[in-house]
Protein chains: 2
Amino acid sequence: MASWFRRSRPRTPAPTLTSRDTATAATRVDLHELTPATDVFLGHCAALHLTFFEQLSHAVANAPRVAEKDALARAAATTLARYEALVAEIGRQRLDATAVMEPHLRGVQEFERRTMGADWHEQVASAHVTIGFLTDFWVRLAAGLPRDAREGVEEALRRGELEQPLHAIIEQAIAANPRLSSRLALWCRRLVGDTMLQARSALALHADRVRDEEQIEPVFTELIAEHTRRLDRLGLTA
Amino acid sequence: MASWFRRSRPRTPAPTLTSRDTATAATRVDLHELTPATDVFLGHCAALHLTFFEQLSHAVANAPRVAEKDALARAAATTLARYEALVAEIGRQRLDATAVMEPHLRGVQEFERRTMGADWHEQVASAHVTIGFLTDFWVRLAAGLPRDAREGVEEALRRGELEQPLHAIIEQAIAANPRLSSRLALWCRRLVGDTMLQARSALALHADRVRDEEQIEPVFTELIAEHTRRLDRLGLTA
């Protein structure tokens, strides 16, 4: 197991800047030497977005009221729009979408199963945490793609807005029932391991290269700091 | 129970025209005297589209391969686009979307539960049959709305394409496994009752008016004829 994996929290307190984009723009490092071939990248990323969609549509079905169903349905539509843009990029690269996605289906479905959550609150928290973390990750990983594919992927992953709507749903749920906090905090901490393993499974690692771990380390430290900020904004100790 | 309900098939063989639009354009009758108030119509129709979305997203999750997941995800996106257009129309009518949808949630969820299907094949067949039938129905029911609302609803329900993609998925599944035919034919026949009850629950009926039944009768006869054609195109005896 890589050293980043043992550190499920950053060693220093997370910055308290309100704008995450400002915070990350300054320090952002990427993973370009570990980016897999374009077909592997696109197939994995598209398959993962299908499971994001499935995760959110479960949450739509289990939502207690129309307001939450509506907000989650729009979030599900955003993941689908990103998925369709990724599939379009696969087509632009003259690759077959089904063929490049199929090898990743089992892995992402197993990930979905492990992070599904036992009830609606956990499902929404899972979607927020795992989609947030993995989207940040995949944007960095895209740095190593050829320029045209990279631009297509970045454009796809920027479509719509997920962070804020999912945050708002969880925030409201906690406001209505403050006792949720401690359970969701535990659940979100529990998600980090599976989410990092899912991210790691996308890296083109060289078994014998120490430098790989050196490249991974700062990226995962940043991703975990963003994860911590995401939970801090909900009042959940990460 | 209305007399149309006892006739779960048309008494004469269904027309064999390949284009359903041509067939219905000639005979189309509507339900304008039984259309409920605009807020009730829009709330019910929007809530129903959320369940269409849920039905299709279950089918995405259970689809055996990427190709079917992809096609069903796009169909789910179409139902969401229609839903969002209906919610936008609710806004244009200066109504509150949550308030007008909430009263219909339980009924449509019960309908969804009854028509869910035991496996993936039944789920896709349910989506095809119930969405097809109820969309035809709701377009006719819209005839009784004030003109501006009617146009908004017709525009919403015309968005994207569902009939053909769902047909293609079932057709392929049957081609791969011809023994499915008889089970799906039974299942689709079984769906008609619940689907007609769901449609009937949207009508503004007057308990003591014989003329209501006289208006319903030819419309349901046509809807059932379309249902039969939908199944005929799949080689399923309706």
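**Close-up 1. Helix H10 of chain B, end to end.** At 1.5 Å a residue, the 23 residues of H10(B) (residues 210-232) should span 33 Å, and the end C-alpha atoms are indeed 33 Å apart, so the two agree. The expected span here is 1.5 Å times one less than the number of residues. Helices are DSSP runs (H or I, at least four residues), strands likewise (E, at least two), numbered from the N terminus. The buried residues of H10(B) include B:Ile216, B:Val219, B:Phe220, B:Leu223 and B:Ile224, but also B:Glu222, B:Arg229 and B:Arg230. Buried means that 20 or more other C-beta atoms lie within 10 Å of a residue's own; exposed means 12 or fewer, partly exposed is in between, and the C-beta atoms are placed from the backbone.

A word on the model for every view: it is predicted, so local features need pLDDT of at least 70 and side-chain atom pairs count only at pLDDT 80 or more, while totals for chains, interfaces and linings use all residues. Residues are numbered from 1 along each chain as its sequence is written, and chains are lettered from A and ligands numbered from 1 in the order in which they are written.

**Close-up 2. Chain A on its own.** Chain A has 10 helices and zero strands, and along the sequence the pattern reads α-α-α-α-α-α-α-α-α-α. Of its 238 residues, 46% count as buried. Take the contacts between residues at least 6 apart in sequence: 82% of them join residues at least 24 apart. Contact means C-beta atoms, placed from the backbone, within 7 Å.

**Close-up 3. H6 against H9 in chain A.** The axes of H6(A) (residues 120-141) and H9(A) (residues 180-200) come within 9 Å and cross at roughly 40°. Axes are lines fitted to C-alpha atoms, for helices over the stretch in contact, with angles from 0 to 180 degrees between N-to-C directions. This crossing is right-handed, that is, the near helix is turned clockwise from the far one by less than a right angle (anticlockwise would be left-handed). On the H6(A) side, look for A:Val129, A:Phe133 and A:Phe137, among others; those they meet in H9(A) include A:Leu184, A:Trp187 and A:Leu191. By class, this contact has 11 nonpolar, five polar and one charged residues. Nonpolar covers Ala, Val, Leu, Ile, Met, Phe, Trp, Tyr, Cys and Pro; charged covers Asp, Glu, Lys and Arg; the others, Gly among them, are polar.

**Close-up 4. Where chain A touches chain B.** Each chain puts 20 residues into the contact. On the chain A side, H3 (38-62), H4 (66-92) and H5 (97-114) each supply at least two residues, with H4(A) giving the most, nine. The chain A side divides into 14 nonpolar, two polar and four charged residues. A rotation of 180° with 0.0 Å of shift along its axis superposes chain A on chain B (RMSD 0.0 Å), so the copies are related as by a two-fold rotation axis. The fit is by least squares on the C-alpha atoms of residues with pLDDT of at least 70 in both. The copies meet through the same surface, because 100% of the interface residues of chain A are also interface residues in chain B.

**Close-up 5. A:Asp30 in its loop.** A:Asp30 is found between H2 (20-27) and H3 of chain A. With 17 other C-beta atoms within 10 Å, A:Asp30 is partly exposed. Leaving aside neighbours within four places in sequence, A:Asp30 is in contact with A:Arg140 and A:Ala143.

Definitions and conventions
Contact = placed C-beta atoms within 7 Å.
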